[in-house]
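User: Hey, got a minute to go through this one with me? I'd like to talk about the charged pairs and then the packing.

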Amino acid sequence: MIRYSHILWDFNGTLLNDVQTGLQSANVLLLRRNLKPIESIASYRQLFCFPIIEYYRKIGLDLTAESFEALAEEWMEQYRYFYRSAALFANVVEVLTTIQSLALPQIILSATEKNMLTVQLSELGIRNYFAEILGLDNIHAYSKVNLAISWQERVKPSKMLLIGDTAHDFETAEAIGADCILVANGHQAKENLQKLNCQVLNDLTELLSQLTK
């Protein structure tokens, strides 16, 4: 028996494997300022957090010398350059297709700017799997909690599952009373995700059995 009425998907680090893209983009900003680059994906996953302004502080960017908005624009320029080498995680299309066959509405809920997000989904060939695309109206990625709450108030879903890769996804799920499953091959370290009160999977191949338990 299907447990949910709606599936909410995070995008970056959950469907799209852009972890290396994020690392490369951050390191360009750091090296331009003669700051120490992030040494590895493991280090990156320990540092990455929301809101992004706090992540910038953690990696050593000086928010008193430069505005967050200017840094975000510079980071986005680098992300757009490196993003071309990013791809969907293995089994994403299989998982999306299987959920679609169960007649479960799938919604993208992302801190990415909506127009960019829509283009990315189309380029990756998965736009048509989603009943709605929920993205922000800016590139600053402060939070997607309000976006989720507005959607919930409008749609009034009966039972939701949010699938993501960060503590912010868990916080967002809690804000709307959704179950949450986190996948530990995205932007945050598995040991940190396991401190949260939700299920943590190694990858998406483990997901489908969770939907009918």
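**Charged pairs and packing**

Analyst: Sure. Arg84 comes out at 61% relative accessibility, so that residue counts as exposed. Keep in mind that this is a predicted model.

User: Ok, and which side chain does Arg84 meet in a salt bridge?

Analyst: Glu123, with 3.2 Å from N to O. Arg84 sits in the loop between helix 4 and strand 3 (87–88) while Glu123 belongs to helix 6, so the salt bridge ties together parts 39 residues apart in sequence.

User: Is Glu123 buried, exposed or partly exposed?

Analyst: Partly exposed, as its relative accessible area is 45%.

User: How many salt bridges does the count come to?

Analyst: Eleven salt bridges. One of them joins Asp10 and Lys144, whose closest N and O atoms are 2.9 Å apart. That pair links distant parts of the chain, 134 residues apart: Asp10 is in the loop between strand 1 and strand 2, and Lys144 is in the loop between strand 5 and helix 7.

User: Asp10 and Lys144, buried or exposed?

Analyst: Both Asp10 and Lys144 are buried.

User: What about Glu132, which side chain does that one meet?

Analyst: Arg154, in a salt bridge of 2.7 Å, N to O. Here the link runs from Glu132 in strand 5 to Arg154 in helix 7, 22 residues apart. Glu132 is partly exposed at a relative accessible area of 22%, and Arg154 is exposed at 52%.

User: Which residues are linked in a network of salt bridges?

Analyst: Arg32, Arg33, Glu66 and Glu74.

User: Switching topic. Why is strand 5 called largely enclosed?

Analyst: Because four of its five residues (132–136) are buried, strand 5 is largely enclosed by the rest of the structure. The cut-off for buried is under 20% relative accessible area, and Glu132 has 22%.

User: In what sense do strand 4 and strand 5 pair?

Analyst: Parallel, over four bridges, with strand 4 spanning residues 106–113. Ile108 has Ile133 in strand 5 as its bridge partner. Add helix 6 (residues 114–123) to strand 4 and strand 5 and you get a right-handed β-α-β unit.

User: Now helix 7. Which of its residues are buried?

Analyst: Val145, Ala148 and Trp151 are buried in helix 7, which runs over residues 145–155. They cover an arc of only 130° around the axis, so they end up on the same side of helix 7.

User: And which exposed residues are on the face turned away from that buried side?

Analyst: Asn146, Glu153 and Arg154. Arg154 is the salt-bridge partner of Glu132 we just talked about.

User: What covers the buried residues of helix 7?

Analyst: The cover includes strand 1 (6–9), strand 4, strand 5, strand 6 (160–164) and helix 8 (167–176). Just after helix 7 comes Lys156, with a positive phi of about 55°.

User: Last one, helix 1. How many of its residues are buried?

Analyst: Ten of the 14, so helix 1 is largely enclosed by the rest of the structure. Among them are Leu23, Val28, Leu29 and Leu30. The buried residues of helix 1 pack against strand 2 (16–17), helix 2 (41–47), helix 3 (52–58) and helix 4 (68–82).

User: What does helix 1 reach from its first C-alpha to its last?

Analyst: 20 Å over residues 19–32, close to the 20 Å expected at 1.5 Å a residue. Asn34 follows helix 1 and has a positive phi, near 55°.

Key:
Residues are numbered from 1 along each chain as its sequence is written. This is a predicted model: local features need pLDDT of at least 70, side-chain atom pairs count only at pLDDT 80 or more; totals for chains, interfaces and linings use all residues. Side-chain values use heavy atoms; hydrogens and water are left out. Buried means under 20% relative accessible area, exposed over 50%, partly exposed in between (1.4 Å probe, protein chains only). Helices (H or I, at least four residues) and strands (E, at least two) are DSSP runs, numbered from the N terminus. Two strands pair if DSSP finds at least two bridges between them. A crossover is right-handed if, with the strands pointing away from the viewer, the path from the first strand over the helix to the second runs clockwise. The expected span of a helix is 1.5 Å times one less than its number of residues. Contact means heavy atoms within 4.5 Å. The arc is that of the directions from the helix axis to the C-beta atoms. A salt bridge is a side-chain nitrogen of Lys or Arg within 4 Å of a carboxyl oxygen of Asp or Glu.
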